[in-house]
Each structure stands twice: as structure tokens, then as C-alpha cells.
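Visitor: I would like a close look at a single strand and its surroundings. Please take it step by step.

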Amino acid sequence: MTNTNLFTELTVGPYKLPNRIIMAPMTRNRAGDGNVPRDLNATYYQQRASAGLIITEATQISHQGQGYPNTPGIYSEDQLAGWRKVTTAVHQHGGHIFAQLWHTGRTSHSFYQPGNSLPVAPSAIPMTSPVYVPGQGMVPHETPRALDLHEIPALIADYARAAKNAIRAGFDGVEIHAANGYLIDQFLRDGTNHRTDRYGGSVANRTRFAVEIATAVTDAIGPEHVGIRLSPSSTFNDMADSTPRETFGQVTEQLDRLHLAYLHVIAPTPKDAKHGGASHDLIPVSFFRPIFKNTLIANGGYTLDSAQSAIADGFTDAVAFGTSFLANPDLPHRLRTSSPLTPADPTTFYGGDERGYTDYPALSA
């Protein structure tokens, strides 16, 4: 037990954060034409600049990486110009902000792909759940195309290019999205990776894609500007692994050698057990504490009390809040003063305008 709490300063990479309350990445589907961030997005993030660190919504590294409507990209000059509005607004209010780099892999649909081609994945295994396509509603997922071995280096280079673009757009760093059943997670787990080449089969092979991406990104912008997110217990997007502790233990050992700024882990929740996660598959954040030496961020349904306990007990260094930050732009102030939290409106989570996005009031308003 330590005296450290949510409101203690924390150094992450070269940055001294004013608190350990992290804004978790949350998809909001409010980018403009061309998947360009707009003034509304700048207002949204600026309102939440009192977070110790903001991690943006998932941001596709390329056209191929997109899987949902109106999600921002970070590969065109117009997108970078839009993101500069966001980073400038956050920095003007004293905040720090990392861009989360994303490729959706098999969760996409040909509607979103260049030339309406099939989405790519480690293996040609379709998802069982439907996917939203504008004008069509929810439709069955297609069987993705397994990436050819010769395509993988270019895809890794897309991550490095996106990281450089993020720095050009004014971000303080990037978070590699290796969680939630998207492309990197699909390579990590043997439920979705049936490859027989150097990127499949053994744990060492399945972790190779994630480690090579992290290496390329750190080479591009420096490890002190790079974090990564894992969801070892999540069953979201039809994810499963036969040996999760071995898989995620090994990938974390390798990532630790890169001296990344932080590791962001999604803790198991009751939903994971409800949707098929066996007890031995549910890996607590504390599992990673002895493996990863730099900053550890926990996410997953934390309250003020449970977050304070996790930090005081040394299980994590910081806690990321999602829905409560969505509905409470001044969340650090509310937590510090034990003030009531505004409940979030789920009907406005995805898409739309300022309603349920920038119109949640701060206490001082």
C-alpha cells in the first residue's frame, strides 16, 4: 500500500501528467467528410483537457484500416490539418494527447475498403456477428482475405507512417491499438490466426506482428512517445485464445524490451465471463505488473474507490475512464471533490452532432 492516488502527478515518457486519470479511447463516429476531424471534435477534446492524458478515439492508419462510418483517419493531409485543430485546442488548455492507431482487419466490410475489396485478416475466418453498412443497415460479415506474407511489411510501414503523421499533427505520442479484436489482436490469438508461416502457429510467431509494429513505430518517433493497448480477457468481436496467459505474457515481455512509454490493459469485466470467457482466461491487470517495467494503465469499469485502491496497492500506475469521461468533461474535478457524475446517454454514443457529445455540462458551467 502506498500514498499514491489518482491525483498524484505521473511521468509518462517525457511528460509530467497532473493526475493519473486517463481519458480512454472511445469511438464516436463524428468525423467529417473524408474522415477528417472537424471543429466539433476539437471542442470535444478541449473540454476534457484536464485529463492526465487523453487517448483519442481509434484512428485508422490507412483507407484499408477503416471499418466503421465517420471514424477519423491519420493518412491524408486534410486529416492531419483537422487533427492539428484538436491538438492545438488540447495543448492551449494544458492537456496531453496521444493518437490511437487502428486497423480494423476482419471487422471491416468491402463497403469501407479501397475498390470495395474484401477486408484483410491474418486468416480467412469470418465473424459471426453482423456489421453496419450505411444504406444497408446491419449485414453479415464477409469472409476476409488472408494477408499474403509479402503484404505484411507494407502494412507495418503504414503504422510507422501514421505515427510520424501524428507527431506532424501535434500529438504528444501514439497508442498502438492491439486490443478489442482488431487486426493486431487477430494476429495475437489462435482463435483468429490459423497461419502456417512465420506469423502463425506458435506463440512466438503470433506475437511477431505486434512486436514488429511496435518496433517500427518506436524507430519512427521514439519509444518514449509510444504506448500500446491490449485486451487479454476480452471476447468482443469473436475473440478467443487457447493459452491467453502464455500469449499475452510473452508479447508483454517482448514489448517491455522496447521501453515503451506505457502499457494500457483492459481488465476483465462481467461481460467477458458472460460471453464465453472461462475463469482461467480472465487475466487481471496485476498479471502484467511484474512483466512490464514502465507505466501501466488499467481500464475497465473502474469507480473512484476501485481506481484508488488499484493505484494504492501498486497494481497499476493510472486508470483510464471511458463512459464517465464521455458524460463528464470535468471528470478529474468531480472525482477529486466526490461530486455526482452525470449519467451518459447511450443513444448518442455513435454519430450525430453536438448532442451527447459537446453539450454535457461541467460543474462550473
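Visitor: Which residue of S10 stands opposite Phe98? Please start there and work outwards through the neighbourhood of S5.

Guide: Gly173 in S10 stands opposite Phe98. Keep in mind that this is a predicted model.

Stay with this pair of strands for a moment. S5 and S10, which covers residues 173-177, pair in the parallel sense. Four bridges hold the pairing. A further position can be read off as well: Ala99 stands opposite Val174 in S10. Strands of a sheet pair through backbone hydrogen bonds, either parallel or antiparallel.

Now look at S4. Strand S4 spans residues 53-60 and pairs with S5, again in the parallel sense, over five bridges. Here Thr59 stands opposite Leu101 in S5. Between S4 and S5 the chain passes through helix H2, residues 77-92, and this β-α-β crossover is right-handed.

S5 therefore has S4 as one partner and S10 as another. Step back and the wider sheet appears. Eight strands close into a barrel, with parallel pairing, in the order S3-S4-S5-S10-S11-S12-S13-S14. Neighbouring strands of this sheet are turned by 25 degrees against each other on average, direction ignored.

How enclosed is S5 itself? Six of the six residues of S5, residues 97-102, are buried, so the strand is largely enclosed by the rest of the structure. Buried here means under 20% relative accessible area. Take the side chains in two sets. Ile97, Ala99 and Leu101 point one way from S5. Phe98, Gln100 and Trp102 point the other way. Both sets are buried. In a regular strand the side chains alternate between the two faces of the sheet.

Phe98 also has a place in a nonpolar core. That core has 14 residues, among them Val12, Tyr15, Phe98 and Ile297, and it lies apart from the largest one. The largest nonpolar core has 81 residues. Phe209 and Phe321 have the most contacts inside it. Leaving aside residues up to four places away in sequence, Phe209 touches Ile152, Leu155, Ile156, Leu183, Ile184, Phe187 and Tyr199. In soluble globular proteins, nonpolar side chains tend to be buried together.

Next, the helices beside the strand. In H1, Leu40, Asn41, Ala42, Tyr44 and Tyr45 are buried. The buried residues of H1 pack against strand S3 (21-23), S4, H2 and S5. A salt bridge also joins H1 to the crossover helix. Asp39 pairs with Lys85, with the closest N and O atoms 3.2 Å apart. Asp39 sits in H1 (residues 39-47) and Lys85 in H2, so to speak a link between distant parts of the chain, 46 residues apart. Lys85 is partly exposed, at a relative accessible area of 43%. Side chains of opposite charge can pair when their charged atoms come close.

The count of salt bridges comes to eleven. Compare two others. Asp158 and Arg161 meet in a salt bridge, 2.7 Å from N to O. They are three residues apart in helix H3 (residues 152-168), which means that about one helical turn separates them. Asp158 has 18% relative accessibility and counts as buried. Arg161, at 47%, counts as partly exposed. The side chains of Arg334 and Asp330 also meet in a salt bridge, at 2.7 Å from N to O. Both of these residues are buried.

Finally, follow the chain out of S5. Asn116 lies in the loop between S5 and strand S6 (120-121). Its phi is near 55 degrees, a positive value in a residue other than glycine. At 54% relative accessibility, Asn116 counts as exposed. His259 gives a second case, with phi near 60 degrees. His259 lies in the loop between helix H7 (244-256) and strand S12 (262-266). His259 is exposed too, with a relative accessible area of 55%. Most residues other than glycine have a negative phi, and most peptide bonds are trans.

To return to the starting point: Phe98 stands opposite Gly173, on a strand whose six residues are buried.

How values were computed:
Residues are numbered from 1 along each chain as its sequence is written. This is a predicted model: local features need pLDDT of at least 70, side-chain atom pairs count only at pLDDT 80 or more; totals for chains, interfaces and linings use all residues. Side-chain values use heavy atoms; hydrogens and water are left out. A nonpolar core is a set of buried Ala, Val, Leu, Ile, Met, Phe, Trp, Tyr and Cys residues joined through side-chain atoms within 4.5 Å. Buried means under 20% relative accessible area, exposed over 50%, partly exposed in between (1.4 Å probe, protein chains only). Contact means heavy atoms within 4.5 Å. Helices (H or I, at least four residues) and strands (E, at least two) are DSSP runs, numbered from the N terminus. Two strands pair if DSSP finds at least two bridges between them. A crossover is right-handed if, with the strands pointing away from the viewer, the path from the first strand over the helix to the second runs clockwise. A salt bridge is a side-chain nitrogen of Lys or Arg within 4 Å of a carboxyl oxygen of Asp or Glu. Axes are lines fitted to C-alpha atoms, for helices over the stretch in contact, and angles run from 0 to 180 degrees between N-to-C directions.
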